[in-house]
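Colleague: Please pick one part of this model and take me through it closely. I want the surroundings as well, in one connected account.

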Amino acid sequence: KAATLVSNIDNMIPFDPKKVKNAVIVRMGDEEEFVNGLQVMVDAFAAHGIKADIKDGLKGKEETKKLSEEYDIILIATDKTGLPFFFEKKDKSTVMAAQAYGAEKTVVVSFGTPAIYYTYFEQANAFISTCSLDDGAMRAVVEGILGDFEFVGQVPIKLSL
């Protein structure tokens, strides 16, 4: 119940696991627990017969376009919890690129604060908040986007301006 589907434009989630062959997890964050935990997501995709790769940020729209041609799911994963959320150049590029090419297959996941939704990702087609870096949250994101369960959790803070 900790995994919350905040936005799901055009009901893109759940993805049909029979139609997904590969996924890329684009990492935005450096916290050791987060970086190490992403392997749990790779393993969760593998349990569904889906190959997943991890990439450290995006350099811009051209790279995003290439990923959108190569992958069935683009998952932007962030552990940002404090201000300023995205101050590194690679983070800024990823935020902008995430909303360019492949938007119909891009899911943004905050393992930190859900507040980044309104600041950076309100235009994203799909946004999930977990507020947790543990292995269960990592697995739940993959299982939820592949339809193993229906997202029913609620964000623990009010998401409005």
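Modeller: A residue is called buried under 20% relative accessible area, exposed over 50%, and partly exposed in between. Glutamate 70 has a relative accessible area of 39%, so glutamate 70 is partly exposed. Keep those cut-offs in mind for what follows. The model is predicted.

My pick is helix H5, which spans residues 135–145. First, the setting. The protein has five helices and six strands. Along the sequence they run β-β-α-β-α-β-α-β-α-β-α. Of the 161 residues, 52% are buried. Among contacts with a separation of 6 or more, 75% join residues 24 or more positions apart. The accessible surface comes to about 8000 Å². Carbon and sulfur atoms hold 49% of that surface.

Now the start of the helix. Aspartate 134 caps the N-terminal end of H5. One of its side-chain oxygens lies 3.2 Å from the backbone nitrogen of glycine 136. At the other end, just after H5, glycine 147 takes a positive phi of about 85°.

Which residues of H5 are buried? They are Ala137, Met138, Ala140, Val141, Val142, Gly144 and Ile145. An α-helix has 3.6 residues a turn, so residues three or four places apart point the same way. The buried residues of H5 pack against four elements. One is a helix, H1 (32–47). The others are strands S4 (73–78), S5 (106–110) and S6 (126–129).

Those strands belong to an open sheet of six strands. Its order is S1-S6-S5-S4-S2-S3, and the pairing is mixed. Strands S1 (4–8) and S3 (51–56) are the edges, each pairing on one side only. From one strand to the next, the twist averages 20°. H5 lies across S4, S5 and S6. It runs at about 150° to S4. Helix H1 lies across S2 (22–28), S3 and S4. Its direction is about 170° from that of S2. S4 is therefore crossed by H5 and also by H1, with contact taken as heavy atoms within 4.5 Å.

Look next at the strands under H5. S5 and S6 pair in the parallel sense, over four bridges. Serine 110 stands opposite serine 129 in S6. Valine 108 lies in S5. At 1% relative accessibility, valine 108 is buried. What does valine 108 touch, beyond residues up to four places away in sequence? Its contacts are Ile76, Phe121, Ala124, Ala126, Phe127 and Ile128. Phenylalanine 127 is 19 residues away along the chain, yet the two C-alpha atoms are separated by 4.7 Å.

Now the charged pairs elsewhere in the model. Side chains of opposite charge can pair when their charged atoms come close. The whole structure contains four salt bridges. Among them is arginine 27 with aspartate 56, with the closest N and O atoms 3.4 Å apart. This pair links distant parts of the chain. Arginine 27 sits in S2 and aspartate 56 in S3, 29 residues apart. Is arginine 27 buried or exposed? Arginine 27 is buried, at 14% relative accessible area. Its partner, aspartate 56, is partly exposed at 38%.

Lysine 55 forms another salt bridge, with glutamate 63. There the closest N and O atoms are 2.5 Å apart. Lysine 55 has 22% relative accessibility, so lysine 55 is partly exposed. Glutamate 63 is buried, at 17%.

Glutamate 70 returns here. It forms a salt bridge with lysine 66, the closest N and O atoms being 3.9 Å apart. Both sit in helix H2 (residues 61–70). The two are four residues apart, so about one helical turn separates them. Lysine 66 is exposed, with a relative accessible area of 51%. Glutamate 70, as said, is partly exposed.

Back to the chosen part, in brief. H5 is capped by aspartate 134. The helix lies across S4, S5 and S6. Its buried residues pack against those strands and against H1.

Terms used: Residues numbered from 1 in each chain as written. Predicted model: local features only at pLDDT ≥ 70, side-chain atom pairs only at ≥ 80, totals over all residues. Heavy atoms only, no water. Buried < 20%, exposed > 50% of the residue type's maximum accessible area, 1.4 Å probe, protein only. Polar contact = N/O pair within 3.5 Å; in protein donor to acceptor, adjacent residues only side chain to side chain. Pairing = 2+ DSSP bridges. Axes fitted to C-alpha atoms, helices over the stretch in contact; angles between N-to-C directions. Salt bridge = Lys/Arg side-chain N within 4 Å of Asp/Glu carboxyl O. Areas by Shrake-Rupley, 256 points an atom, 1.4 Å probe, with all protein chains shown as cover.
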